[in-house]
Amino acid sequence: MTFRDFVTVSSGNLWRMKLRTFLTVSGVVIAIAAFVSMISFGAGNQQNITREFEELGLLFTMQVYPQTDKPTVDSVKAAVLDQAMVEKLAQIPGVTLAFPMNAFTVSVGVADTVIKAGAQALPKTATQTKLFSQLQAGTFFSADSAREAVVTEEFLRMAGNINADSIIGKQLVLTARTVSIDSGIAAVLPHKWADVRNEFDDVVLDSLRHREYVGRVARAKLGTAMARFFDGFVNSKAMICDTLTVCGVVKGNRHGWLRTEPIIIPMATALRFTSGGIADNPVDLFSSMSNGTLFGGGGGGGASYPQVTLQLDPKAPYQPVRDSVQAMGFRCFSFAEQFSKLRKVFVYFNLALGVIGLIALITASLGIVNTMVMSIMERTREIGVLKSLGADDRDIRLLFLVESGVIGTIGAAVGIVFGWLITRAASAVAKTLMVKDGFGEIELFALPLWLVLTALGIGIVVSLAAGYYPAARAARVDPVQALRAE
Amino acid sequence: MLNLLAGLDTPTSGRIEVDNVVLGSLSRRGLAAYRAHRVGMVFQSFNLIAHYSALENVETALLFNNTPRPERRRRALEILERLGLADRVHHRPGDLSGGEQQRVAMARALVKKPDILFADEPTGNLDHDNTGQMAELLTALNKDGLTIVMVTHNLDMARRCAHRIIGMQYGRLVEPDRQKPTEVGS
């Protein structure tokens, strides 16, 4: 018998028992549809993340941070991410670009609205990377010293849902208030000689022999000096104001490792805001005190950055770059590394979903076993006749195996289509809800070719496995007994 | 006995040799091939597959001896026509008379051109007319050179058709071999 003969004979037998075949195939269809729709969800999410990584060029991006461990007295001073270090990082083989994350807070006047928003400085070269490639309108700034700014979609929302095209060419009035440590120190120091003499007049010279008196005077004077320092520090704020033209709108990234501030300003233009002193907010102040840059001046030449982004050569391996960065005393975060870990997570996730789908398939396979056993019991005499005509055990076994294989193939094929229809329906509902909640339309499901082939393969293999026992039983039928059967 | 001779059953003792083939020396697969290529079988109860047409029943006999599909169809139609069933080829066994069913069974046994035909009470379920027709058919086939081993309770028919008659009761010979009258056959 040829394979075609087996398929023809088996299909004919299944067609004869239409209702039973329909019910058995339906079990496989439901199981495969459940399997496909569940794995499709995992595949859809994997595809979304992969697309985002590729669109943003994250696989060729590395983030560099200072070490979090505070140096001990005996240890070497912790490496600082300053401008000199940024240039040094850019020299590492395999690194095509290095730019710092230099963020600060500004008040922005746009039309009649004033809002407080985060801003970040960015070199023009960085705007040519994929990270900032999702330009929604306009262009990026023309030079590092251009009096232009690029805003993100987040900024448009903050400013009252302004249209991306209509903001191009509009003026943004940026104001930053900075506090300087110099003004605090200046307030401590007396302005006139008479003030110094008055300070000394208050001190009873004879009593200086008493240690307790000296302590009390010193504490009182120190307290007064501190009060004057904070008064001078807090009240001597410098106002920096600049007007920039909006030249472009980018999609931006609101969350995660590569958060984009709502306003992006050319590197040299931003120096005006960052070199004035520490930003006028408690977080920046305590941050400066914590990282030891309180007296280190503003964000200009001597400033340190919390983060530097490295753009890597796609052809160069990231491992040597990471080793070099770590050797320089910094921590680094490689998206390529994270992505490979993420892929493993997705494999486990898909496996877990697949196992749930397989449980349904195992149930369906019991239906196949039942159908085939019933079929053998009903066709015992037919098996005897076939054997009397020259069929050997292998022919009979294959005949029934192909029968269960046909059930699996039809069930898997219809199940894949059915599963796809389920995902389309679920996707339509999810998209409607996401749009309502302010998210973009994200496709949560995907039906890649590997999933179609896997589902088809699993459907066939499981049905063949289910048909193996009944087929072996059919092959063992004694023809003499079978021919006597009623 | 026919089951043993056709290789469907195996003897608990003794040795069966058919046309120089010792059946006991054949594997299960070898026995299947022996049935597929050399043996034709006709049963008292016809043993046609109920959901197949007459044509499909006959074609089934050629499934297991590697006959190509178009050849199967051609030969099945040819033998059915020869047995007077040209207008009944697409009928199922349930739609055929007993005589027609037995002729389909005969066509199925003959279509693979066997060396030996084993017939187990081929007229047992037939009326008088059909029994006569079947006897004529078997005689004609025998004259064409086909060896036929037939089990029957119809001694008249046996005397009319057979070259050699062996009587059996409870599996034992009960009367000696005897030659058929010379006027019936050579």
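# A walk through a predicted two-chain model

Strand 4 (residues 116-120) of chain B runs parallel to strand 5 of chain B, and the two pair over 5 bridges. One of the links to strand 5 joins B:Ala119 to its bridge partner B:Met150. The model in which this pairing appears is a predicted one. The pair belongs to an open sheet of 3 strands in chain B, which stand in the order 3-4-5 and pair in the parallel sense. Strand 3 and strand 5 (147-151) of chain B are the edges of this sheet, and because each has a single partner strand, one side of each is left without a neighbour in the sheet. From one strand to the next, the twist averages 15 degrees. As a general point, strands of a sheet pair through backbone hydrogen bonds, in either a parallel or an antiparallel manner.

From this sheet one can step back to chain B as a whole, whose secondary structure comes to 7 helices and 7 strands. Read along the sequence, these elements follow the pattern α-β-β-α-β-α-α-α-β-α-β-α-β-β. Of the 186 residues in chain B, 33% are buried, and among its contacts with a separation of 6 or more, 63% are between residues 24 or more positions apart.

Two asparagines in the loops of chain B deserve a pause, since each has a backbone angle of note. B:Asn20, found in the loop between strand 1 (17-18) and strand 2 (21-22) of chain B, has a phi near 70 degrees, a positive value in a residue other than glycine. B:Asn47, which lies in the loop between strand 3 and helix 3 (54-60) of chain B, likewise is not a glycine and has a positive phi, of about 55 degrees. What are the surroundings of B:Asn20 and B:Asn47, buried or exposed? B:Asn20 is exposed, with 5 other C-beta atoms within 10 Å, whereas B:Asn47 has 22 C-beta neighbours inside 10 Å and therefore counts as buried.

Chain A has 16 helices and 12 strands. Of its 486 residues, 36% count as buried, and 84% of its contacts with a separation of 6 or more are between residues 24 or more positions apart. A particular case of residues distant in sequence is given by A:Trp420, which has its place in helix 14 of chain A: its C-alpha atom is separated by 8.4 Å from that of A:Ser40, although the two residues are 380 residues apart along the chain. Leaving aside neighbours within four places in sequence, A:Trp420 is in contact with A:Val36 and A:Leu447. With 18 C-beta neighbours inside 10 Å, A:Trp420 counts as partly exposed.

The interior comes next. In soluble globular proteins, nonpolar side chains tend to be buried together. Here the largest nonpolar core has 88 residues, and those with the most contacts inside it are A:Ile32, A:Phe35, B:Val58, B:Leu80 and B:Ala107. Helix 2 (residues 18-55) of chain A gives the largest share of this core, with 13 residues. Apart from this core lies another, of 58 residues, which includes A:Met101, A:Phe104, A:Val150 and A:Leu244. Returning to A:Phe35, and not counting residues up to four places away in sequence, one finds that this residue touches A:Gly354, A:Gly357, A:Leu358, A:Ala360, A:Leu361, A:Ala455 and A:Ile458.

Where the two chains meet, 19 residues of chain B are in contact with 16 residues of chain A. On the side of chain B that touches chain A, the most is given by helix 2 (residues 28-37) of chain B, with 6 residues. The residues of that side divide into 10 nonpolar, 5 polar and 4 charged.

Why is helix 13 (residues 380-388) of chain A largely enclosed by the rest of the structure? This helix is so enclosed because 8 of its 9 residues are buried, namely A:Arg381, A:Glu382, A:Ile383, A:Gly384, A:Val385, A:Leu386, A:Lys387 and A:Ser388. The buried residues of helix 13 pack against helix 14 (393-436), helix 15 (449-475) and helix 16 (479-484) of chain A, and also against helix 2 and strand 3 (39-42) of chain B. Just after helix 13 of chain A, A:Gly390 takes a positive phi of about 120 degrees.

Note on methods: Residues numbered from 1 in each chain as written. Chains lettered and ligands numbered in written order. Predicted model: local features only at pLDDT ≥ 70, side-chain atom pairs only at ≥ 80, totals over all residues. Contact = placed C-beta atoms within 7 Å. Helix = DSSP H or I, 4+ residues; strand = E, 2+ residues; numbered from the N terminus. Nonpolar A, V, L, I, M, F, W, Y, C, P; charged D, E, K, R; others polar. Buried ≥ 20, exposed ≤ 12 C-beta atoms within 10 Å, placed from the backbone. Core = buried A, V, L, I, M, F, W, Y, C linked by C-beta atoms within 7 Å. Pairing = 2+ DSSP bridges. Axes fitted to C-alpha atoms, helices over the stretch in contact; angles between N-to-C directions.
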